[in-house]
Amino acid sequence: MRPEPNELQELVRDLHGQGSAWLPAGLGSRLDWGPPVAGPCTVVSCAALRGVREFNPGDFTITVAAGTPLVEVQEALGHHGQWLSVDAPWGDRQSAAAGSIGGLVARGLAGGYRQRYLGVRDQLIGLELMRADGVTARAGGKVVKNVAGYDLMRLFTGSWGSLGLITELTLRTLPRPPLRRSVCFQGGADDLAGLSRWLLGSSLSPERIDWWNGSLAAAAGLAPEPLLLIGLASVDAATLQEQVRCLQERSTLPARVLDAATTGAWLAHARGATAAAPTWLLRLGVSPDRLETLMQAPDLAGLAVDMAAGSGLGLAWTGTEGPQAAVTSAQVLKLRRLCTQLGGHLTVLRQPPEAGLPAWLDAPSRPLIEAIKRRFDPAGQLAPGRLPGVAQRLSTL
Ligand SMILES: Cc1cc2nc3c(=O)[nH]c(=O)nc-3n(C[C@H](O)[C@H](O)[C@H](O)COP(=O)(O)OP(=O)(O)OC[C@H]3O[C@@H](n4cnc5c(N)ncnc54)[C@H](O)[C@@H]3O)c2cc1C
């Protein structure tokens with residue numbers, strides 16, 4: 001259902017009155033990721049909640065309706081030389097249908113820009129939401145420094161629609177860096193790990209440090225060897241050049257210096273072309289100092305892998321055809337065990353229908369997560385069976 005703003009509360013109250021299960025949605029681009037929702041469920045889309053409600057360029061804040069496409073928000077900010085420091089939606093970078101700002105926050109999955117700008121939750125300073133019973137609430141504010149109310153922003157970031165419907169968001173914006181360059185190094189895992197370690201401890205402050213495996217490099221039309229793609233930004237050309245020079249001097253590997261347009265084309269080609277509807281899509285996380293071990297794991301065979309070296313978080317996915325589709329459930333289970341041993345986790349975002357793996361495992365804080373869920377949604381109407389940090393019982397699959 002796609003209610004107009006003035007119809008939303010009545011619809012939610014009706015669903016509450018009937019005891020019906022429902023799923024908050026943005027533009028519906030990735031509703032199938034993660035655990036399947038258990039049983040019949042009404043999808044309530046925010047697509048009609050659209051537009052910039054308030055923009056204060058001088059304060060570097062913007063308030064938008066939750067269903068507004070990220071692309072539209074970036075466009076509005078771009079006219080003032082500002083941006084929201086998050087990646088373009090994964091898998092499809094340009095289209096307005098590629099993802100809403102509410103969906104982005106509800107998933108809470110940051111890409112490589114997290115290296116310099118932190119995660120999605122760190123951009124969020126205020127939130128308006130509707131509970132399962134139709135009651136509306138507001139948290140935070142519209143200025144960067146505020147201490148108003150509970151920090152519901154962090155609770156709702158990554159809540160996957162399980163706690164309530166986000167209707168409006170206030171976010172922190174940043175001046176868009178006028179100058180960008182990337183430096184790419186291809187070589188063995190040892191060399192890349194050494195360079196990445198040095199970089200993370202250096203005074204350089206890259207925007208992103210993406211570590212690709214050989215399969216992903218090949219998908220972007222490069223030699224099938226692992227690479228580090230280091231994104232740099234500055235307001236000053238001499239400073240940027242100095243950073244590039246430091247990197248070139250540091251490594252014995254040949255460096256390729258790319259302008260922003262070429263970097264964008266590489267990213268679009270590697271992610272967009274190979275990732276339209278991957279059979280497997282995995283979210284991997286390990287302790288950053290163990291990333292080198294993960295990147296050499298035999299169980300990554302058949303997967304394109306893009307990890308952020310600073311956070312140890314990233315994605316692995318298969319193509320839709322050819323030998324890459326041969327990744328098995330047993331292989332993914334082994335990878336999950338490895339990620340856990342390396343201090344992290346593995347979330348299954350997409351999998352073949354017959355695989356039947358739990359999307360995520362129980363978090364140590366499961367009792368607390370369930371207690372919060374009961375407070376927000378006592379009747380369990382929202383996104384049934386899909387509560388982050390609580391493994392889905394396989395009987396409900
Ligand atoms: C590693 C990684 C990094 C990513 N980084 C980015 C990024 O930087 N930028 C980006 O745009 N996308 C990013 N994505 C994709 C992003 O996470 C979302 O999947 C996408 O933005 C969904 O948009 P949508 O409007 O189509 O949401 P939908 O597909 O409709 O919904 C997605 C999820 O959010 C919930 N949801 C949606 N809207 C609301 C709402 N208003 N209130 C409560 N719950 C809601 C739904 O229940 C569902 O669980 C990334 C994905 C991954 C895996």
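This is a short tour of the domains of a predicted model and of the shell around its ligand.

Begin by colouring the protein chain by domain: the assignment gives domain 1 as residues 5–175, domain 2 as residues 177–274, and domain 3 as two stretches, 278–305 and 314–380.

Next, select domain 2 and domain 3 together, whose C-alpha centres lie 26 Å apart. Where these two domains meet, ten residues of domain 2 are in contact with nine residues of domain 3. To see which elements supply the domain 2 side, select helix H6 (189–201), strand E11 (208–212) and helix H7 (214–219), each of which gives two or more residues to it. Among these elements, H7 gives the most, with three residues. If you then colour this side of domain 2 by residue class, you will find seven nonpolar residues and three polar ones, but no charged residues.

Now move to the ligand and show the 34 residues around it, of which Gly 26, Gly 99, Gly 102, Gly 103 and Gly 161 come nearest. The elements that give two or more residues to this shell are strand E1 (22–25), helix H3 (101–107) and strand E8 (165–172), and H3 gives the most, with five residues. Coloured by class, the shell has 21 nonpolar, nine polar and four charged residues.

Finally, keep the ligand in view and select domain 1 and domain 3. Where does the ligand lie with respect to these two domains? Both domain 1 (5–175) and domain 3 (278–305 + 314–380) give residues to the shell around the ligand, so the ligand lies between them.

Notes. Residues numbered from 1 in each chain as written. Predicted model: local features only at pLDDT ≥ 70, side-chain atom pairs only at ≥ 80, totals over all residues. Domains from an automatic or database assignment. Contact = placed C-beta atoms within 7 Å. Helix = DSSP H or I, 4+ residues; strand = E, 2+ residues; numbered from the N terminus. Nonpolar A, V, L, I, M, F, W, Y, C, P; charged D, E, K, R; others polar. Near = placed C-beta within 6 Å.
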